[in-house]
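Please open the model in your viewer and keep the selection tool at hand. We will go from stop to stop, with something to pick out at each one.

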Amino acid sequence: MEEFLKDLPSLAKDKHKTHKDFFKRLKKRPPKHLDQTMQRLHDETFEEVECLTCANCCKTTGPLFTNKDIERISKHFRMKPSAFIDTYLRIDEDKDYVLKSVPCPFLGGDNYCSIYDVRPKACAEFPHTDRKKFQQISNLTLKNVEICPAAFKVVEKMMEQIKL
């Protein structure tokens, strides 16, 4: 996994145009059973990939925090939402709450998340490869394949199995 993770940025860069062209065709003509196919590919891939050996998403990027996320997590810490925001978050150029810094302050040295049970929705759904109407998130997926070995593998399997 370590070797694959090290090679992932260049692999993703090499495949970017191919992936982008595939997603363009997918958006125009999504197959009838795309959601079921994506769920199957997602499940298969996550039997092969163990997130705890990687945690690259937590080490290199941060999620968006919704107001519900902030409420839930601040309650977990017995903090006021404003104190949680002041301590951990900033507002980005899109006016979204994001982490002040990466790696994620809730990521332990063992790659476990200290707030796993109350983690942000974006973390719980990452890398979004089992999302309904998958063809609508192609730009997000193109970004995710650069940091997530599982997302990269799902897209590669998808291109093998879905003929457009």
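Which residue forms a salt bridge with K157? Select K157 and E48 together: these two form the salt bridge, with their closest N and O atoms 2.7 Å apart. K157 sits in helix 8 (residues 149-161) and E48 in helix 2 (residues 34-48), so the pair ties together parts that are 109 residues apart in sequence. With the cut-off for buried at under 20% relative accessible area, K157 falls on the buried side because its value is 13%.

**The whole chain**

Now zoom out, and keep in mind that this is a predicted model. Colour by secondary structure and you should find eight helices and three strands. Starting at the N terminus, the order of the elements is α-α-α-β-α-α-β-β-α-α-α. Turn the C-alpha trace around, and its principal axes span about 50 × 35 × 30 Å. The radius of gyration is 17 Å, which agrees with the value near 15 Å that a compact globule of 164 residues would have.

Next, show the surface. The protein exposes about 10200 Å², and 51% of that area comes from carbon and sulfur atoms. Of the 164 residues, 37% are buried. If you display contacts with a separation of 6 or more, 71% of them are between residues 24 or more positions apart.

Colouring by charge comes next. There are 30 positive and 25 negative side chains, and the centres of these two sets lie 6 Å apart. The salt bridges come to seven in total, and the K157 to E48 pair you have just seen is one that joins two helices.

**Along helix 1**

Select residues 2-28, which make up helix 1. Where in this helix do E3 and K6 lie relative to each other? They are three residues apart, about one turn of the helix. Their side chains form a salt bridge, and the closest N and O atoms are 3.4 Å apart. K6 is exposed, at 58% relative accessible area.

Move along helix 1 to K17 and D21, which are four residues apart, again about one turn. This pair also meets in a salt bridge, at 3.1 Å from N to O. Is K17 buried or exposed? K17 is exposed, with a relative accessible area of 58%, while its partner D21 counts as partly exposed at 28%.

**H42 in helix 2**

Go back to helix 2 and select H42. This histidine is buried, with a relative accessible area of 11%. Which residues does H42 touch, apart from its neighbours within four places in sequence? Show T129, D130 and V154 as sticks, and you have its contacts.

**The loop after strand 3**

Now select the loop between strand 3 (97-99) and helix 6 (121-125), and pick out P105 in it. P105 counts as partly exposed, at 42% relative accessibility. Beyond its neighbours within four places in sequence, P105 is in contact with Y88 and L99. Add K59 to the selection as well: K59 and P105 are 46 residues apart in sequence, and their C-alpha atoms are 9.4 Å apart in space.

Stay in this loop and select P103. Look at the peptide bond that leads into P103 from V102: the bond is cis, with omega near 5 degrees.

**The loop between helix 6 and helix 7**

For the last stop, find the loop between helix 6 and helix 7 (138-144), where P127 is placed. What kind of peptide bond joins F126 and P127? Here too the bond is cis, with omega about 5 degrees.

Select H128, which lies in this loop as well. H128 has a phi near 70 degrees, a positive value in a residue other than glycine. Its side of the story on accessibility is short: H128 is buried, at 9% relative accessible area.

Finish with K133, also placed in the loop between helix 6 and helix 7. K133 is not a glycine, yet has a positive phi of about 55 degrees. Is K133 buried or partly exposed? With a relative accessible area of 48%, K133 is partly exposed.

Definitions and conventions:
Residues are numbered from 1 along each chain as its sequence is written. This is a predicted model: local features need pLDDT of at least 70, side-chain atom pairs count only at pLDDT 80 or more; totals for chains, interfaces and linings use all residues. Side-chain values use heavy atoms; hydrogens and water are left out. The radius of gyration is taken over C-alpha atoms; the globule rule is 2.2 Å times the number of residues to the power 0.38. Buried means under 20% relative accessible area, exposed over 50%, partly exposed in between (1.4 Å probe, protein chains only). Contact means heavy atoms within 4.5 Å. Accessible areas come from the Shrake-Rupley method with a 1.4 Å probe; for residues, only the protein chains shown count as cover. Lys and Arg count as positive and Asp and Glu as negative; His and the chain ends are not counted. The place of a charge is taken as NZ of Lys, CZ of Arg, CG of Asp or CD of Glu. A salt bridge is a side-chain nitrogen of Lys or Arg within 4 Å of a carboxyl oxygen of Asp or Glu.
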